[in-house]
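Hello,

Here is the structure I promised to pass on to you. Please have a look at it first, and then read on for my notes.

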Amino acid sequence: MKKKKMATVGLSVALAILSMGGAATVATYVQQPHVEIALAATLSKSQVKTVQTKLKNWGYYTGSVDGIYGTKTKAAVKSFQRKNGLAVDGVVGPKTAAALGMSLGTTSNKTDNSSISSSDLHLLAKCIHAEARGESYVGQVAVAAVILNRVKSPDFPNTISGVIYQPWAFTAVNDGQINLSPNQTAYNAARDALNGWDPTYGALYYYNAKTATSKWIYTKTTTITIGNHIFAI
């Protein structure tokens, strides 16, 4: 009788949480013997599916894309956070969402890339491959994001080709590596960056602390370090 009463109370609390959360907040529960465990996730079901899909594509998640923020999803989020220098709490907050390339709000975070030509995409992929082919996938997207952030900035050329071929802007252009053929990963990273994923938090610069020779770059404010690259504004 006591167990039944406890289960009823637990269900009532769960329903209360759901009713208070509103349309934008969903608390997902995993059934265990006599217990309901609330997994912290202020995400809609479609947002959870987006998280699962991204993490599945990148090898962090092996479960079903079902929109349920269960233990497998939380573990995958933690692995992603650990790999990318984020707070490892298993919660998709603003910083983790930004690193995943998604918005927690109602508006889309995608940029308008309808005017991006196939030649621009190819050039962006070439620069990613030349500059960051030894980096993680997130690190490759980050390099593309810097290029696109420069296009938007009034302090740099306003085209992808203008930014990439600006004198002395990229080592890979100076030493000819820009002419290497990009792989599919570089194209995928270019498309993700064009669709609004910016793991750098708006960085306009990046450098490798082990090889950088310019003291000037160290005066810039660091936003994040991904792999061998330090990103800055």
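In this predicted model, strand E4 is joined to strand E5 (residues 229-232) by four bridges, and the two run antiparallel. Together E4 and E5 make a hairpin with two residues between them. If you look at the turn, you will find Gly227 there, with a positive phi of about 60°.

You can follow the pairing residue by residue. Ile226 sits opposite His229 of E5, Thr225 faces Ile230, and Thr222 has Ala232 as its opposite number.

E5 has a partner on its other side too, as the sheet order shows: this is an open sheet of three strands, E3-E5-E4, with antiparallel pairing. Strand E3 (205-208) and strand E4 (222-226) are at the edges; each has a single partner strand, so one side of each is left without a neighbour in the sheet. From one strand to the next, the twist averages 25°. Four bridges also link E3 with E5, again in antiparallel fashion, and here Tyr206 stands opposite Phe231 of E5.

Which way do the residues of E5 point? His229 and Phe231 point one way, while Ile230 and Ala232 point the other way. This fits a general pattern: in a regular strand, side chains alternate between the two faces of the sheet. All four of these E5 residues are buried.

What packs on the sheet? Helix H6 (residues 137-152) does, touching E3, E4 and E5. The direction of H6 makes about 30° with that of E5.

Now for the empty space in the model. Rolling a probe the size of a water molecule over the atoms shows where such space is left. The largest pocket holds about 740 Å³, and 29 residues line it. Glu131, Ala169, Thr171, Tyr206 and Tyr207 are the ones that lie nearest its centre. Tyr206 is thus a residue you have met already, as the one opposite Phe231.

Which element gives the most to the lining of this pocket? That is E3, with four residues. Helix H5 (118-132) and helix H8 (171-174), like E3, each supply at least two residues of the lining. By type, the lining of the largest pocket divides into 13 nonpolar, 11 polar and five charged residues.

There is also one cavity of 30 Å³ or more in the structure. The space in the largest cavity comes to about 40 Å³. Its lining is made up of Asn84, Leu86, Ala99, Val138, Pro199, Ile224 and Ile226. Six of these residues are nonpolar, one is polar and none is charged. Ile226 links this cavity lining back to the hairpin, where Ile226 is opposite His229.

One last spot to visit is Thr96, which lies in helix H4 (residues 94-100). Is Thr96 buried or exposed? Its relative accessibility is 5%, so Thr96 counts as buried, the cut-off being under 20%. Leaving aside residues up to four places away in sequence, Thr96 touches Val77, Phe80, Gln81, Leu86 and Val91. Among these contacts of Thr96 is Leu86, which also appears in the lining of the largest cavity.

I hope this helps you find your way around. Enjoy exploring!

Best wishes

Terms used:
Residues are numbered from 1 along each chain as its sequence is written. This is a predicted model: local features need pLDDT of at least 70, side-chain atom pairs count only at pLDDT 80 or more; totals for chains, interfaces and linings use all residues. Side-chain values use heavy atoms; hydrogens and water are left out. Two strands pair if DSSP finds at least two bridges between them. Axes are lines fitted to C-alpha atoms, for helices over the stretch in contact, and angles run from 0 to 180 degrees between N-to-C directions. Contact means heavy atoms within 4.5 Å. Buried means under 20% relative accessible area, exposed over 50%, partly exposed in between (1.4 Å probe, protein chains only). On a 1 Å grid over the protein atoms alone, a cavity is a set of points where a 1.4 Å probe fits but cannot get out, and a pocket is an open set with protein on both sides within 12 Å along at least five of seven lines; lining residues have an atom within 4 Å of a point. Grid points are joined across faces, edges and corners, and a volume is the space filled by probe spheres set on the points. Ala, Val, Leu, Ile, Met, Phe, Trp, Tyr, Cys and Pro count as nonpolar, Asp, Glu, Lys and Arg as charged, and the others, Gly among them, as polar.
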